[in-house]
Amino acid sequence: MKVDWRPYCPPIRDQGDCGSCTAFGTIGCIETKLRILGKQVDLSEAHLFFCGGGNCGFGANLLEILDQAKNGICREGCWPYRPKNQRCRPCWHWQRGAFRIKSWRKVDDPDEMKRLLKQGPLVTAMAVFQSFLHYKGGVYHPLKEDPFVGFHCVTVVGYDDELGAWLIRNSWGTDWGMNGYAWIKYDTCLLYRMYYLEVDPEPIEPFRYSLFEAIVNFFINLLRVFAP
C-alpha cells in the first residue's frame, strides 16, 4: 500500500535561519488538507509561530503551536514571513480569510497513521542526524555513529510499504532532498508519533478587504520590514 499527497501540496517553503519548523510543518498539513478540498490558501507561518510563543533561536513547542492554530491563522499577505524574531502583531482584521483547526490529537500506532494518511497529511517531529542535512534522494536512514543534530518538525504526506518508508515534506527549500521531500525509513529517526489535525474547511470570516484596509495592511507590513 502507498499514499502520496505531493500533487496537492503547496509550493515548498524555506524557513531560513529561524527555528520555525513547527509552524511550517503545521501549515504544510493545513494547506494541503484545504487543497484536497479544493481551497488554495497561503497561510502565514509568521502569525502561527510568533503568536504561538516561537523564537527563532529556541523554536517553539509543537503542542503549543497546534493549540495556537485553533485560534486561526491569517493569510500570508497579512503577515509575510521573514526569518527574524517579531512581536505578535497580525495585520488589521486578520480574521478575514483566516483558517483554523477544530482540534488535534496524537497518533502512536503506525497502522492508524497509515489509515489517517489516506485522508490527508499528518504532522510529526523527527530526530535529525548529520547525514540528513545532506540527503539528496532514496530512502533515508541514519548512518552508523551519525551525530545527532536535534529535533525537527515536518509534514508527513504519504507512505510506501514497498519502500518501507514515510514520505515527508520539509521546509528547507527545493534545493534540499527530492525537491524538498524525503523518504524516511520506518522505525528510524525516532519517528514514532504523529499528529492528526481536524481542519475547519471554512474561513473565520470571508476574505475581502476594502481599499482602506489594504492600505493600512501595506503600511503595517512596511513597518515590519524596517523594525529592529
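Here follow some friendly questions and answers about this predicted model.

Reader: Does the end-to-end distance of helix α1 fit its length, or what span should its residues give, and what is found?
Author: Happy to start there. Helix α1 covers residues 21-36, and its 16 residues at 1.5 Å a residue should span 22 Å. The expected span agrees with the distance between the end C-alpha atoms of α1, which is 22 Å.

Reader: Is α1 largely enclosed or open, and how many of its residues are buried?
Author: Buried here means under 20% relative accessible area. By that cut-off α1 is largely enclosed by the rest of the structure, because the number of its 16 residues that are buried is 14.

Reader: Which residue with a positive phi follows α1?
Author: Just after the helix, phi turns up with a positive value, near 90°. The residue that carries this phi is G38.

Reader: Which side chain of opposite charge is nearest to E76, and how far away is it?
Author: E76 sits in the loop between α3 (62-69) and β2 (101-107). A salt bridge needs nitrogen and oxygen within 4 Å, and E76, though buried, has none. The nearest side chain of opposite charge belongs to R13, at 6.1 Å.

Reader: What backbone atom does the side chain of E76 reach?
Author: A polar contact calls for N or O atoms within 3.5 Å. The side chain of E76 comes to 2.8 Å from its partner, the backbone nitrogen of Y81.

Reader: Good. Which residues make the nonpolar surface patch of about 490 Å²?
Author: One member, F151, lies in strand β5 (residues 148-160). F151 is exposed, because its relative accessible area of 57% is over 50%. The patch is made by F148, F151, L190 and Y192.

Reader: What separates the C-alpha atoms of A127 and F151?
Author: A127 belongs to strand β3 (residues 122-129) and counts as buried at 1% relative accessibility. A127 and F151 are 24 residues apart along the chain. Their C-alpha atoms are separated by 4.6 Å.

Reader: Where is L190, and what is its phi near?
Author: L190 lies in the loop between β7 and β8. Its phi is positive although the residue is not glycine. The value is near 55°.

Reader: Is D187 buried or exposed?
Author: D187 is also in the loop between β7 (181-185) and β8 (194-199). Its phi is positive too, near 65°, in a residue other than glycine. With 77% relative accessibility, D187 counts as exposed.

Reader: How many salt bridges are there?
Author: The rule asks for a side-chain nitrogen of Lys or Arg within 4 Å of a carboxyl oxygen of Asp or Glu. By this rule the count is twelve.

Reader: How many residues apart are E205 and R96?
Author: The side chains of E205 and R96 form a salt bridge at 3.7 Å, N to O. The pair links distant parts of the chain, with E205 in the loop between β8 and α5 (211-226) and R96 in the loop between α3 and β2. Along the chain they are 109 residues apart.

Reader: How far apart are the closest N and O atoms of K114 and D161?
Author: K114 is in helix α4 (residues 110-117), while D161 is in the loop between β5 and β6 (165-169). K114 counts as buried at 17% relative accessibility, whereas D161 is partly exposed at 32%. Their salt bridge has its closest N and O atoms 2.7 Å apart.

Key: Residues numbered from 1 in each chain as written. Predicted model: local features only at pLDDT ≥ 70, side-chain atom pairs only at ≥ 80, totals over all residues. Heavy atoms only, no water. Patch = residues over 30% accessible without salt bridge, like charges linked within 9 Å, V, L, I, M, F, W, Y side chains within 5 Å. Areas by Shrake-Rupley, 256 points an atom, 1.4 Å probe, with all protein chains shown as cover. Helix = DSSP H or I, 4+ residues; strand = E, 2+ residues; numbered from the N terminus. Buried < 20%, exposed > 50% of the residue type's maximum accessible area, 1.4 Å probe, protein only. Expected span 1.5 Å × (residues − 1). Lys, Arg positive; Asp, Glu negative; His and termini not counted. Polar contact = N/O pair within 3.5 Å; in protein donor to acceptor, adjacent residues only side chain to side chain.
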